[in-house]
Amino acid sequence: MTAAAAAIRVRSLHKAYGEHEAVRGIDFDVSPGEVFGLLGPNGAGKTTTVEILEGYRERDSGEVEVLGLDPWRAGPAHRERIGVVLQHSDLPALLTVREVHAMFAGYYAQPRDVDEVIELVGLADKAGAQVKALSGGQKRRLDLGVALIGDPELVFLDEPTTGFDPSARRSAWELVRSLRSLGKTIVLTTHYLDEAQQLADRVAVIREGQVLRIGTPGELIGGTSEVEVRYRKDGHEVVVTTSEPTRLLAELTTAALAEGRELEGLEVRRPTLEDVYLGLVDEEPAE
Amino acid sequence: MSSSHVEGRSARGAGSRGGLGRTLALLAHEVRMQQLLFWRNRESAVFVFVFPPLLFLLLGSVYSDTIDGERAVDVLLVGMLGYGCANTALAGLAISLVVRRESGMLKRLRATPLPAWAYLTAVVLSTLVVFLLQMAVTILLGFLLFDADAPLSWVALVLVLLLGVAAFAGMGFGVASLIRSDEGASAVVNLIVLPMAFLSGSFGSTNDYPEVLQRIAEALPLTYLLRLTKEAYFHGDYLSSDLTAVAVLAAWGAGGYVVAAKRFSWQPREK
């Protein structure tokens, strides 16, 4: 498996819409079987990047390979191997869940069993219901079922849980995990940190069309050696960020001992992915 | 799991049906889906399928005697076949394509292995199925209720209407490519089709129309489809006997396909 070629390879990808440069030199690889997260605020270039990978948009420059092919030039046979959940797309409102699955199954040379997929995405009790009668979360499951009907190797999920309530998100996460255990390669865009942290093996943090950081959630957190120290002094909370926590704590405790007072509310905290992300997205200049 | 997955993949390459068989199966599947979508949507099925025969019933009950030297009911029957063709292939097709485009349905389909040409061909074939059924119903109503005459040549009539569907479907693709929003689609399309049907003589003789309206009618494709349909219905003439009309109709259709080739989009027009 180590020698396997990358499922996706992106090098210095650029894409502009008129004056607006949506993607400004993005590089990353996705390995087979990996869940790869593209994380960033709205307008960061996530969807543009994914739509180039899906074959919807032509890049301005750079190299892109998806399962060994240029997605812009790849034909119908290539699309046998990928599954897509778009950010917005309505499936026929008047067809039933089973009919929609059967419709898409007919487009693939060797589709999965319709009822099996409906079961997999948890819509078995809605199989005979019309699409228009489904809730938002159920429609998203339908999108996912339709994306899986062709038994793809690679699945793109563009903001799969945006607008979900917390319990719907958790069950969507379970679904993504079950896809991963089936050996699918998954590319996921999201602006939810917890989602990236929960699901992705590796995450690329994107802002203004560029990759700011890339790595496992653990690496992204570990990449910063800074630690946050909080305590209360004269009724005010003091927050100090330091890369030398030992020295800082020694100084603080020595001073406090000398004055005979307690360091109230003392707390030493490693950053979460959220801190790292917000730090990257808010402060670091993109150029 | 991953090894069985790989085996499944190679079996897919070796075991999948050959090119032509697979292509025909895809087309047949998509025509079935188009039919399912068409008949499931009651409102549009009423508008596209029921409206022309209904108009025929109304007009057939009002007119009697003769129009331009032929029995009124026969002239109205021919007129309604032409209007039905424009209404099904231009209006119905354009509206459903715009709605599917703006809902993201067309975009979603582009991510499947269904080739674009197969989808568009299935749309035309499905439109043809709907129109042929409508034609049968309209003629049958003519026979049963108004004692209409049978066409002199069924083959000539069907050939004319096949050309009509091909040409108006081209205009339908062209119009769908130019319409920006799904909300305005049916208004725009009816603004094209209804006046055209009126000017071209679908609803009766145009001999008493003002000169300027008759001149406009001379440029409209439906005028020529109706001319060809009358020639087939009343005289059993084949397309080859009126190549001028064939050329004008074909030019309109080709114009529609050219516009579509340049402007048709699979993605919603949000950007």
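Where chains A and B meet in this predicted model, the contact draws 24 residues from chain A and 22 residues from chain B. On chain A's side, helices α2 (76–79) and α3 (97–105) each put in at least two of the residues that touch chain B. Sort that side of chain A by residue type and you get 14 nonpolar, five polar and five charged.

Now look at the sheet in chain A. Three strands form an open sheet in the order β2-β1-β4, paired antiparallel. Strands β2 (20–30) and β4 (61–66) of chain A sit at the edges with a single partner strand each, so one side of each has no neighbour in the sheet. From one strand to the next, the twist averages 25°. Strand β1 (residues 8–17) of chain A is joined to β2(A) by eight bridges; one residue to find is His14(A), whose bridge partner in β2(A) is Arg24(A). Helix α1 (residues 46–54) of chain A packs on this sheet, touching β1, β2 and β4 of chain A, and its direction makes about 120° with that of β1(A).

Further along comes helix α6 (residues 166–181) of chain A. Its 16 residues should span 22 Å at 1.5 Å a residue, and the end C-alpha atoms are 23 Å apart, which agrees. Which residues of α6(A) are buried? Ala172(A), Val176(A) and Leu179(A) are, and they cover an arc of only 55° around the axis, so they lie on the same side of α6(A). The buried residues of α6(A) pack against α5 (136–148), β6 (154–158), β7 (185–190) and α7 (193–199) of chain A. Turned away from that buried side is a face with exposed residues, including Arg170(A), Glu174(A) and Ser178(A). After α6(A) comes Gly183(A), with a positive phi near 90°.

Technical notes: Residues numbered from 1 in each chain as written. Chains lettered and ligands numbered in written order. Predicted model: local features only at pLDDT ≥ 70, side-chain atom pairs only at ≥ 80, totals over all residues. Pairing = 2+ DSSP bridges. Helix = DSSP H or I, 4+ residues; strand = E, 2+ residues; numbered from the N terminus. Axes fitted to C-alpha atoms, helices over the stretch in contact; angles between N-to-C directions. Contact = placed C-beta atoms within 7 Å. Nonpolar A, V, L, I, M, F, W, Y, C, P; charged D, E, K, R; others polar. Expected span 1.5 Å × (residues − 1). Buried ≥ 20, exposed ≤ 12 C-beta atoms within 10 Å, placed from the backbone. Arc of directions from axis to C-beta.
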